[in-house]
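Let us walk through this model together, starting with its aromatic rings and moving on to its nonpolar cores and a helix pair.

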Amino acid sequence: MRTVSARSLALLLGADPLPRPAYRSLADGIRRLISDGRLLVGTRLPSERTLTTELGLSRTTVGAALDALRDEGFIATRRGSGSVVCLPTGPSGLALSQAGLIPTDVPPDVIDLTYAALPAAAGVTAAYERALAELPRFLATAGYDPRGLPETRAAVAGWFEERGLVTSPDQVVVTSGAHSGLSAVLRAHLDVGDRVLVESPTYPNAVVGVRRSAYRAVPTQLTATGWDVDAIEVGLRQSGARAAYLIPDHQNPTGLVMDTPTREALAQVLARTKAMPVVDETFVELGLDTSATATRPAPFAASSRGAHTLGSAGKTWWGGLRVGWVRAPEGRAESVIEARHSLDLGTAILEQLVVTDLLRQGEALLAERRREARARRDALVVALRQHVPDWRFTVPTGGLNLWCELPEARGDELARVAESAGVRLARGSQFGVEGGFTRWVRVPFCVAPDEADEVGRRLANAWQLALGERPTAHDVTPLIA
């Protein structure tokens, strides 16, 4: 079981004196840490006695604060285990959906901000036209190829080579998207009930993919600046996790990028703990600032020979392509191919030909794609700073998301009422492995620049609604993607 020391909890709460009544301020502080995801569900709190000593408060004050949190459902006290962090369930809306992000119909007057994906890139239509010309030579075959077309695997291997990572086409398995690749890799190497270390916050469908494959997701908390290698090592050793799912490049949803020293240190930790790295590079080509693209770190697998790397055409070129890939360590691709038979029998031939064409065109198309995404990002940043100036966020150097901290823990309410203001949002708590993050909301910068101001206006209206009275009906957040 995870634990937090009294000293660590005191540092998280801050050194400022607690306003009176002190017990209520202490309860509010701990509740905020839970809602923000900084105290993870399942963490055992220090005893009342050690908290009393560390915080310089009376036993009565500490006890009253814990009683308040217990009554609200934020902690549970178990005989022999002390007080353990949990989340309320029921009408509060804080419980995490186990279904992940699922597409649903959107009314025509609602702007959908649940997709972190752009419309098709310039050049996709022409690539389809060229692929159609190539298709007839495959029509006399059965059309099934669980490994992927040889030319597609060669193009993916060449793409890795251009990034400085020696790769053979035999190491590449073409999949039906990165999500399919993740499931295949986990099924190839893990047993039912095994634990997988997962960043928190992270991509919700990855967590669901871990759980629905009968594995257990173990969260490791991201800091404001990135990855805490020491904390990750402790988490791996305490949990016995056999794999770690990581998004080191423009992390979803935070936009963080793992620097080279951290990659090297974390690779050593994973090797020592014998945990298999599963690295999601879905956003790797979307470095939007010139310096970020020119100086991007080498692929994580350059530091970790045992890493399985997931890639996808969806975020870079178009989600409708549904083509991804796995770069496996030498000699490990066959187990991935065998495992994918429980998922599908191969990837569509036409789309593989399209992606092969796009990969071969290389930097010319990518530069234009980055300019487009950068314009969308910059326009939305201006709109949010104008219309919701009390929302805080760091402008990311890449990816497709703004990870916004709200001035109050009303993220669930915001997502619930947003559609009535003309915008659809994913709940921040869906990005936590075990909930939390109710002070956060992900806002993808995927709308056209001339629509950004309208998005800002609608978000401002939604925020005002969220600060008002809680709705008394339709209190369940719809499943979204």
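Six aromatic pairs are counted here, where rings of Phe, Tyr and Trp (its six-membered ring) pair if their centres lie within 6.5 Å. Trp403, Phe431, Phe437 and Trp440 make up one aromatic cluster. This is a predicted model, so to speak of local features pLDDT of at least 70 is needed, side-chain atom pairs count only at pLDDT 80 or more, and totals for chains, interfaces and linings use all residues. Residues are numbered from 1 along each chain as its sequence is written, and side-chain values use heavy atoms, with hydrogens and water left out.

Rings also meet charges: the charged end of Arg163 sits over the ring of Trp159, 4.6 Å from its centre (NZ of Lys or CZ of Arg within 6 Å of the ring centre and within 35 degrees of the ring normal). Likewise, the charged end of Arg327 sits over the ring of Phe160, at 5.9 Å from the centre.

Now to the interior. The largest nonpolar core has 52 residues; such a core is a set of buried (under 20% relative accessible area, 1.4 Å probe, protein chains only) Ala, Val, Leu, Ile, Met, Phe, Trp, Tyr and Cys residues joined through side-chain atoms within 4.5 Å. Helix 13, a DSSP run of H or I with at least four residues, numbered from the N terminus, gives the largest share, seven residues. Leu358 is among the residues with the most contacts inside this core. Beyond its neighbours within four places in sequence, Leu358 is in contact (heavy atoms within 4.5 Å) with residues including Trp317, Leu321 and Leu365. Another core, of 38 residues, lies apart and includes Phe445 and Ala462.

Definitions and conventions
Rings of Phe, Tyr and Trp (its six-membered ring) pair if their centres lie within 6.5 Å; planes under 30 degrees apart count as stacked, over 60 as edge-to-face and the rest as tilted. Buried means under 20% relative accessible area, exposed over 50%, partly exposed in between (1.4 Å probe, protein chains only). Helices (H or I, at least four residues) and strands (E, at least two) are DSSP runs, numbered from the N terminus.
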